[in-house]
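Thanks for making the time this morning. I would like to go through one model with you, starting from a single residue and working outwards.

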Amino acid sequence: KTAYEIYQCDWSSDVCSSDLPNGGMGATWGGLDTFMGLVAKHVSRDAHALELGCGGGRVTRHIRPLVGTLVANDVSERILAEARAATTDLAPIDFRVTYGLGDDLRKEEFDAVIGHELLMQFDFDELLRFCSNIHRSLKPGGLFIASVYTFDDPSEMAQHMGMIRDHGAGARSPFRVHRMPRRTYQDIFEACGFEVVEKIGR
């Protein structure tokens, strides 16, 4: 199976919530304040936006007040049910099941596409296809804001290897990610038609 197929099967399974405490809500994910600062800075308050891989709705709660209308997608109804339950007090959100690395995204539908710590789930070829579909889904002049973990110095590799030793690796490991150098991500984005206008990080 491809990395995407493993990811989809994992989150569609009956054991995902019990095997991954707080997994759906993304309780262990980081960098949210910095990421949301980029969203607030670059995305118009009346934008029609898409959140990629919304999970259980943790980041969705932060995005919704900053945009005019919001679509939030993920790979299974199971995880979207968590997101709906976590956002009932917010303005309406259009939750959609997605499939096929964004093949289902509609052409030029969105002013902004937002993805927090999602792209590392895909290998190189999958990411090219996914980002091409994201670019296709944006209106002219639209924005794609994404966060990734990179491998740019030996300490990052050593830290990641330590987490794998301590926690293991597999379909449900929170460390089952495809990290690449920052320059590689930028090359992928540019190959898919994006102009990189701001980068934050080391």
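**From one glutamine to the whole chain**

Let me begin with Gln-186, which lies in helix 8. Before going further I should say that what you have in front of you is a predicted model, and everything I say about it should be heard with that in mind.

Is Gln-186 buried or exposed? With a relative accessible area of 13%, Gln-186 falls under the 20% cut-off for burial, and therefore Gln-186 counts as buried. If we leave out residues up to four places away in sequence, Gln-186 touches Val-196 and Lys-199.

Gln-186 has company in its helix, since the buried residues of helix 8 are Tyr-185, Gln-186, Ile-188 and Phe-189. They cover an arc of only 160 degrees around the axis, and so they sit on the same side of helix 8. As a reminder, an α-helix has 3.6 residues a turn, so residues three or four places apart point the same way. As for what lies over that side, the cover of the buried residues of helix 8 includes helix 6 and strand 5. Just after helix 8 comes Gly-193, whose phi is positive, at about 105 degrees.

A comparable analysis can be made for helix 5, which spans residues 77-86 and in which Ile-79, Leu-80 and Ala-83 are buried. Viewed down the axis of helix 5, its buried residues fall within an arc of 100 degrees, so they line one face of the helix.

Let me now follow the chain past helix 8, to Glu-198, which is found in the segment after that helix. Glu-198 has a relative accessible area of 30% and is partly exposed. Which residues is Glu-198 in contact with, once its neighbours within four places in sequence are left aside? They are Leu-38, Lys-41 and His-42. For the last of these, the separation along the chain is worth stating, because Glu-198 and His-42 are 156 residues apart in sequence, while their C-alpha atoms are 9.9 Å apart in space.

Glu-198 also brings us to the largest pocket, which has a volume of about 1,200 Å³. The lining of this pocket comprises 39 residues, and those nearest its centre are Ala-146, Ser-147, Glu-198, Lys-199 and Ile-200. Which elements give two or more residues to that lining? They are helix 3 (32-42), strand 5 (138-146) and helix 8 (182-191). Of the elements, strand 5 gives the most to the lining of the largest pocket, with 9 residues. In terms of chemical character, the lining residues divide into 16 nonpolar, 13 polar and 10 charged.

Moving away from the pocket, I would like to look at some loop residues. Phe-122 lies in the loop between strand 4 (110-115) and helix 6 (124-137), and at 2% relative accessibility Phe-122 counts as buried. Phe-122 and His-178 are 56 residues apart along the chain, and their C-alpha atoms are separated by 6.2 Å.

The loop between strand 3 (94-97) and strand 4 holds Leu-101, a residue other than glycine whose phi is nevertheless positive, near 55 degrees. Leu-101 is buried, with a relative accessible area of 6%. Glu-108 is also placed in the loop between strand 3 and strand 4, and Glu-108 likewise has a positive phi, of about 50 degrees, although it is not a glycine. Glu-108, however, is partly exposed, with a relative accessible area of 40%.

Finally, let me step back to the chain as a whole. How many helices and strands are there in the protein chain? There are 8 helices and 5 strands, and from the N terminus on they run α-α-α-β-α-β-α-β-β-α-β-α-α. Of the 202 residues in the protein chain, buried residues make up 46%. The accessible surface of the protein chain comes to about 10,100 Å², and 53% of that surface belongs to carbon and sulfur atoms. If we take the contacts between residues at least 6 apart in sequence, 69% of them join residues at least 24 apart, and the pair of Glu-198 and His-42, mentioned earlier, is in contact across 156 residues of sequence.

Definitions and conventions:
Residues numbered from 1 in each chain as written. Predicted model: local features only at pLDDT ≥ 70, side-chain atom pairs only at ≥ 80, totals over all residues. Heavy atoms only, no water. Helix = DSSP H or I, 4+ residues; strand = E, 2+ residues; numbered from the N terminus. Buried < 20%, exposed > 50% of the residue type's maximum accessible area, 1.4 Å probe, protein only. Contact = heavy atoms within 4.5 Å. Areas by Shrake-Rupley, 256 points an atom, 1.4 Å probe, with all protein chains shown as cover. Arc of directions from axis to C-beta. 1 Å grid on protein atoms, 1.4 Å probe; cavity = no way out; pocket = protein on both sides within 12 Å on 5 of 7 lines; lining within 4 Å. Points joined across faces, edges and corners; volume = space filled by probe spheres on them. Nonpolar A, V, L, I, M, F, W, Y, C, P; charged D, E, K, R; others polar.
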